[in-house]
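Visitor: Could you take me through one part of this model at close range? I would like to see how a single helix sits among its surroundings, and then how the sheets around the chain are put together.

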Amino acid sequence: MTLTEVRTFTPPRAFGDAISQPVVTPVITTSTTPRSVPELQITLKPAISPSPKARQNSMASTTPEAKSKGGVTFAHQDKLPKLPIPELESTCQRYLASLKPLQTHREHAETRRAVQDFLQTDGPELHEKLKKYAEGQTSYIEQFWYDSYLNYDNPVVLNLNPFFLLEDDPTPARNNQVTRAASLIASALEFVRAVRREELPPDTVRGTPLDMYQYSRLFGTARVPTDSGCQIQQDDKTKHIVVMCHGQFYWFDVLDDNSDAIMTEKDIAINLQTIVDDARQTPIQEAAKSALGVLSTENRKVWSGLRDVLTRDPGSNNADCLSIVDSALFVVCLDYTEPTTAAALSQNMLCGTSEIEKGVQIGTCTNRWYDKLQIIVCKNGSAGINFEHTGVDGHTVLRFASDIYTDTILRFARSINGKAPSMWASTSPDPSKRDPESFGDVSTTPHKLEWDMGPELSVAVRFAETRLADLIEQNEFQCLDFHGYGKNFITSMGFSPDAFVQMAFQAAYYGLYGRVECTYEPAMTKMFLHGRTEAIRTVSDDSVNFVQTFWADAPGDAKIDALRKACQAHVNKTRDCAKAQGCDRHLYAMLCLWQRMQDDDAASTTSDNSMNGYSFEDGSIVGSPSKDSVFSQSMESQSADGGRERTDSINSQISATPSQRCGVPQQLPTIFADAGWDKLNTTILSTSNCGNPSLRHFGFGPVSGEGFGIGYIIKDECISICVSSRHRQTRRFVDTLELYLLEIRRILRIAARNAASAGGANGTTGNKGMSRAREIDAAAVHHQNGQEKPTRPQIGNRIKSRGRLITGQSSGLGHGGPTSMFNGGSSVGNIKGAGGGSVSSAMEESVVMSEDDEIGGYGFFDAGMLQQALKARQQGHYHHHSHTHESSSDDRSNQSRQRRSRRDVGKKLPLIDY
């Protein structure tokens with residue numbers, strides 16, 4: 001029996017009436033009635049279980065906190081504070097500060113007038129109504145956030161879904177497709193079990209617990225398109241996974257009713273190998289013609305209509321097949337390709353490959369289902385994760401990726417030593433030692449889904465694939481695995497790693513284009529109940545001053561000082577945003593509130609009782625906005641891990657608002673009608689820092705046609721960066737970025753060496769970049785250089801004192817202090833200062849460091865250096881002329897002779913006859 005979804009609608013209420021009603025003060029209860037029950041309008045659909053007996057599992061929206069007592073995962077939910085609404089004046093000041101470096105003086109003056117008018121007219125009223133609305137909500141931004149995602153009509157691939165590229169398994173024998181996939185699946189099932197049993201320890205930041213609600217939405221969840229927007233559907237009792245291979249679908253059960261694993265890793269590997277062997281029986285060209293997964297890359301409205309085609313025939317298997325895919329825990333994609341470069345691997349994890357053979361698409365782009373969490377494994381064992389971003393942020397999926405990667409290592413360790421630790425508070429009983437009857441009603445043998453491919457579906461698959469191939473070809477990806485340094489070096493220099501890398505993006509872009517552009521970085525706000533992210537606006541007056549100083553004819557100390565100020569400004573802004581004290585979410589919520597009021601007025605004017613979205617039976621006042629509202633295709637949202645920020649102009653569609661069509665013209669609040677709102681919401685550099693050593697790369701597609709999508713991971717000794725764009729010199733941007741990172745290291749090293757030399761002259765040996773152990777040796781060198789009388793080693797330590805200490809500076813180069821650890825082992829001569837101390841020659845150090853960094857004489861930075869050299873030469877000639885007129889005359893004579901001799905340089909070509 002096929003179950004159909006029933007959607008309940010209620011007559012609309014005027015928004016003004018709803019928020020004018022008195023708010024009932026919530027009663028504080030025990031944790032069995034959690035505060036974290038969401039007001040999300042998410043339709044949950046009964047799923048058909050894929051067992052032969054067609055078990056029916058309820059998908060009631062029950063939060064984990066309400067299901068269990070005493071679990072640790074959600075133990076802090078009721079203690080988390082609600083997301084605060086910033087003060088209106090503070091929001092407007094931050095908004096102006098974010099726009100100032102991006103605007104001309106005239107543009108900024110206009111924006112200031114618009115903001116001032118907003119503060120005197122619509123602003124206070126909208127702010128108060130938002131506060132009143134928030135009193136009855138878990139989070140004032142949550143429903144608006146979901147609306148922005150679920151009403152996005154363009155394909156989710158390359159636009160919404162981010163990816164993680166995992167590091168290879170450290171045990172080489174496990175780096176083949178079947179073994180690696182089985183290992184990841186086994187670990188993922190333990191993670192699922194820990195979440196469902198509430199045994200997963202909560203996330204914390206410096207001891208502060210974070211919101212864990214997103215973990216309850218990670219598995220058994222699907223983004224399902226409808227005529228009026230997408231819905232999030234979930235089966236929180238599901239027990240099976242879906243495996244895709246060569247575009248073909250297979251499923252089998254992996255859990256019992258208690259969420260215990262019913263298959264060992266070896267059993268899973270046997271199933272996967274069986275699937276691979278079966279998939280090979282169908283030629284890949286034939287399989288591609290019926291690869292229904294490509295339909296999930298279509299425009300959401302088109303995909304909604306195609307789902308109706310799939311399910312309209314009551315005698316077809318398609319409805320059951322579709323339900324099996326939607327309700328699966330997750331999807332495992334087994335690819336037949338073996339990408340070799342980081343860029344190719346990143347593309348494969350983000351959007352798949354496009355490869356045409358005899359007119360048929362045989363790339364991995366058809367071996368995906370983008371509406372769900374996907375674990376992707378290549379033929380050579382390289383693995384990654386692609387996830388649907390609506391309900392979860394990058395930080396949540398990062399925890400999942402990190403834990404399953406760690407568990408695969410620890411499980412291997414336990415095979416060597418049974419006392420090796422485990423990631424989990426408890427684990428599933430060994431399936432090989434259980435009575436098969438205890439598994440319950442399950443099916444562990446792989447089943448292949450047989451779709452009924454009618455003419456309409458065949459044509460739909462064909463054109464969905466060609467559009468996807470176009471989309472893939474319009475984008476390019478480049479990766480930088482920068483091993484010059486990482487977090488350790490950056491912090492030793494006194495910088496915040498994230499701020500340091502953000503300034504690198506600014507400097508690289510400015511070096512290429514000579515201007516700054518709107519930049520976005522998400523700040524996690526999960527310390528609040530159902531928190532998501534706040535937008536960090538990286539560009540500031542300090543960052544602009546830094547990039548201009550860096551590319552100008554300025555001394556190194558001035559560049560470092562400018563960098564420190566820019567980084568500190570970024571750190572301060574990040575702290576504010578992490579406390580939900582940014583400007584973007586607050587302003588966007590007020591815009592959404594204003595729009596809902598206009599939609600309600602339009603509905604009451606036309607007596608239209610249709611709902612713009614979804615509603616619960618209690619008549620929830622906020623639903624998905626109408627496809628005709630100003631929200632239509634107006635926003636993409638980027639999370640902490642790699643998603644989207646709104647990009648298209650909200651104001652560009654104001655002429656099509658329902659209020660105006662209904663003859664009720666409404667003036668858009670001035671702050672949103674001003675051009676500054678469009679500028680701040682057109683992101684050119686969309687960036688996100690999300691990762692740890694378990695990941696090789698992280699990334700996403702560009703959020704605008706003229707922009708770059710930049711995902712990066714800052715590790716102890718390296719920085720991994722993945723950059724995407726729509727063919728906007730991505731390779732050149734990455735090269736520029738690398739050269740900047742090398743150049744700024746050179747400048748910092750020179751400054752550190754000079755500081756160390758100065759410290760040595762003053763009799764000090766400490767260095768912030770040294771460990772305590774290094775400082776002991778540094779002190780010994782200090783004594784050996786004769787600045788202090790070394791103490792006689794004790795008898796027991798004489799053996800350890802034998803031999804000459806090897807440092808980065810030869811003993812014959814003066815009597816300065818110990819060379820800094822940042823000199824890379826290069827020795828640079830010193831010259832005597834006026835006071836008798838030894839001071840390093842900046843020119844010689846610059847030459848040596850350039851050679852050390854392999855910039856040589858032909859690096860990117862030569863363009864700026866050449867201009868500076870020419871400018872200095874002209875100034876030098878003018879200064880010289882003012883003092884030595886006779887020498888200047890000789891120079892002019894020499895120049896004249898050089899010009900005459902230049903005429904004879906080179907081979908003179910004979911002219912051809914015309």
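Guide: Happy to. Let me start with a yardstick: the expected span of a helix is 1.5 Å times one less than its number of residues. Please keep in mind that this is a predicted model.

Now to helix 14, residues 455-473. With 19 residues at 1.5 Å a residue, helix 14 should span 27 Å, and its end C-alpha atoms are 27 Å apart, so the two values agree. Which residues of helix 14 are buried? They are Leu-457, Ala-460, Val-461, Ala-464, Glu-465, Leu-468, Ala-469, Leu-471 and Ile-472. These residues cover an arc of only 165° around the axis, which puts them on the same side of helix 14. On the face turned away from that buried side, you will find the exposed residues Pro-455, Arg-462 and Glu-473.

What do the buried residues of helix 14 pack against? Their partners are helix 9 (284-288), helix 10 (300-311), helix 11, helix 12 (342-350), strand 11 (356-357) and strand 12 (360-361).

One of those partners, helix 11, leads us on to a sheet. This open sheet has eight strands in the order 15-9-8-10-13-14-3-20, with mixed pairing. At its edges are strand 15 (447-448) and strand 20 (695-699), each paired on one side only. Helix 11 (residues 318-327) packs on this sheet, where it touches strand 8 (240-245) and strand 9 (248-253), and its direction makes about 105° with that of strand 8. Helix 13 (residues 394-416) lies across strand 3, strand 13 (374-377), strand 14 and strand 20, and runs at about 20° to strand 3. Within the sheet, strand 3 (residues 163-166) pairs with strand 14 (residues 383-386) in the antiparallel sense over three bridges. Phe-164 stands opposite Ile-385 of strand 14 there.

There is also an open sheet of six strands, in the order 16-22-21-19-17-18 and again with mixed pairing. Strand 16 (476-482) and strand 18 (533-537) stand at its edges with a single partner strand each, so one side of each has no neighbour in the sheet. Neighbouring strands here are turned by 20° against each other on average, direction ignored.

Strand 19 (residues 685-689) is worth a pause: four of its five residues are buried, so it is largely enclosed by the rest of the structure. Strand 19 pairs in the parallel sense with strand 17 (residues 519-524) over two bridges. Here Thr-519 has Leu-685 as its bridge partner, while Tyr-520 has Ser-686. Strand 19 also pairs with strand 21 (residues 708-714), in the parallel sense and over five bridges. In that pairing, Thr-687 stands opposite Ile-710 of strand 21.

Helices lie across this sheet too. Helix 16 (residues 497-513) crosses strand 17, strand 19, strand 21 and strand 22 (719-725), running at about 145° to strand 21. Helix 18 (residues 556-578) lies across strand 17 and strand 18, at about 160° to strand 18.

Stepping back to the whole chain, there are 27 helices and 24 strands. Buried residues make up 54% of the 914 residues. Among contacts with a separation of 6 or more, 76% are between residues 24 or more positions apart. The chain exposes about 39700 Å², of which carbon and sulfur atoms supply 51%.

Methods
Residues are numbered from 1 along each chain as its sequence is written. This is a predicted model: local features need pLDDT of at least 70, side-chain atom pairs count only at pLDDT 80 or more; totals for chains, interfaces and linings use all residues. Side-chain values use heavy atoms; hydrogens and water are left out. Buried means under 20% relative accessible area, exposed over 50%, partly exposed in between (1.4 Å probe, protein chains only). Contact means heavy atoms within 4.5 Å. Accessible areas come from the Shrake-Rupley method with a 1.4 Å probe; for residues, only the protein chains shown count as cover. Two strands pair if DSSP finds at least two bridges between them. Axes are lines fitted to C-alpha atoms, for helices over the stretch in contact, and angles run from 0 to 180 degrees between N-to-C directions. The arc is that of the directions from the helix axis to the C-beta atoms.
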